Amino acid sequence: QVQLVESGGGLVQAGGSLRLSCTASGSIIGFNAAWYRRTPGKQRELVATITGGGRLVYADFVEGRFTISRDNTKNMVYLRLNSLKPEDTAVYYCNAVVEGRSGRKYLEVWGQGTPVTVSS
């Protein structure tokens, strides 16, 4: 079994910044990873993706405010949130392909989420 654990969420004023972290219990080297978010009353939506090769893709609503990155040496994925708006309030989830110690590849692994609240 593998897992993803997010951290770094919290309460911040509009215009502020946060850095979310996602730690994988297995290897993410060469695999895609992403951040999603779910706001109350809405479906989960993709925020950003980083491929195993480092290609970055962002949702239109990001508008250059967020940055996804990874540290393969630590099996971690990050999401830097800048210029936060109240509408960014959501639970943010990490998603990745993770390889366990046995060499088994686990697809669509999800973390438990970390809440972000942006006050106006």
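## Burial, charge and contacts in a predicted model

At 53% relative accessibility, Glu-108 counts as exposed, and this residue offers a convenient way into the structure, which is a predicted model. Glu-108 belongs to strand β10, and its phi is near 55 degrees, a positive value in a residue other than glycine. Most residues other than glycine have a negative phi, and most peptide bonds are trans. A phi near 55 degrees, again positive and again in a residue other than glycine, is also found for Glu-63, which lies in the loop between β6 and β7.

### Around Asn-95

The side chain of Glu-108 makes a polar contact with the side chain of Asn-95, at 3.4 Å. Asn-95 is found in strand β9, which covers residues 90–99. Is Asn-95 buried or exposed? With a relative accessible area of 7%, Asn-95 is buried, because buried means under 20% relative accessible area. When its neighbours within four places in sequence are left aside, the residues in contact with Asn-95 are Leu-4, Ala-33, Ala-34, Tyr-36, Glu-108, Val-109 and Trp-110.

Two of the aromatic residues in that list, Tyr-36 and Trp-110, also appear in the surroundings of Arg-44. The charged end of Arg-44 sits over the ring of Trp-110, 3.9 Å from its centre, and Arg-44 also lies over the face of Tyr-36, at 5.8 Å from the ring centre.

### The nonpolar core

In soluble globular proteins, nonpolar side chains tend to be buried together. In this model the largest nonpolar core has 30 residues, and those with the most contacts inside it are Trp-35, Leu-79, Leu-81 and Tyr-92. At least two residues of this core come from each of the strands β3 (18–24), β4 (33–38), β5 (45–50), β7 (66–71), β8 (76–81), β9, β10 (105–110) and β11 (114–119). Strand β9 gives the most to this core, with five residues.

Leu-79 shows what such a position looks like in detail. Not counting residues up to four places away in sequence, Leu-79 touches Leu-18, Arg-19, Leu-20, Trp-35, Val-47, Ala-48, Phe-66, Thr-67, Ile-68 and Tyr-92.

Gln-13 gives another view of the chain. This residue is found in strand β2, residues 10–13, and at 62% relative accessibility it counts as exposed. Once its neighbours within four places in sequence are left aside, Gln-13 is in contact with Val-118 and Ser-119. Gln-13 and Trp-35 are 22 residues apart in sequence and 21 Å apart in space, taken from C-alpha to C-alpha.

### Salt bridges

How many salt bridges does a search of the whole structure find? The search finds four, among them the three in the table below.

| Salt bridge | N to O distance |
|---|---|
| Arg-37 and Asp-88 | 2.9 Å |
| Asp-88 and Arg-65 | 2.6 Å |
| Glu-63 and Lys-85 | 3.0 Å |

The side chains of Arg-37 and Asp-88 meet in a salt bridge, and this pair links distant parts of the chain, with Arg-37 in strand β4 and Asp-88 in the loop between β8 and β9, 51 residues apart. Arg-37 counts as buried at 5% relative accessibility, and Asp-88 counts as buried at 1%.

Asp-88 also meets the side chain of Arg-65 in a salt bridge. Because Asp-88 lies in the loop between β8 and β9 and Arg-65 in the loop between β6 and β7, the pair ties together parts that are 23 residues apart in sequence. Arg-65, at 8% relative accessibility, counts as buried. Salt bridges that share partners join Arg-37, Glu-45, Arg-65 and Asp-88 into one network.

The salt bridge between Glu-63 and Lys-85 also links distant parts of the chain, with Glu-63 in the loop between β6 (56–58) and β7 and Lys-85 in the loop between β8 and β9, 22 residues apart. Where Asp-88 counts as buried, Glu-63 counts as exposed at 56% relative accessibility, and Lys-85 is partly exposed, with a relative accessible area of 27%.

Notes:
Residues numbered from 1 in each chain as written. Predicted model: local features only at pLDDT ≥ 70, side-chain atom pairs only at ≥ 80, totals over all residues. Heavy atoms only, no water. Lys NZ or Arg CZ within 6 Å of the ring centre and 35° of its normal. Helix = DSSP H or I, 4+ residues; strand = E, 2+ residues; numbered from the N terminus. Buried < 20%, exposed > 50% of the residue type's maximum accessible area, 1.4 Å probe, protein only. Polar contact = N/O pair within 3.5 Å; in protein donor to acceptor, adjacent residues only side chain to side chain. Contact = heavy atoms within 4.5 Å. Core = buried A, V, L, I, M, F, W, Y, C linked by side-chain atoms within 4.5 Å.
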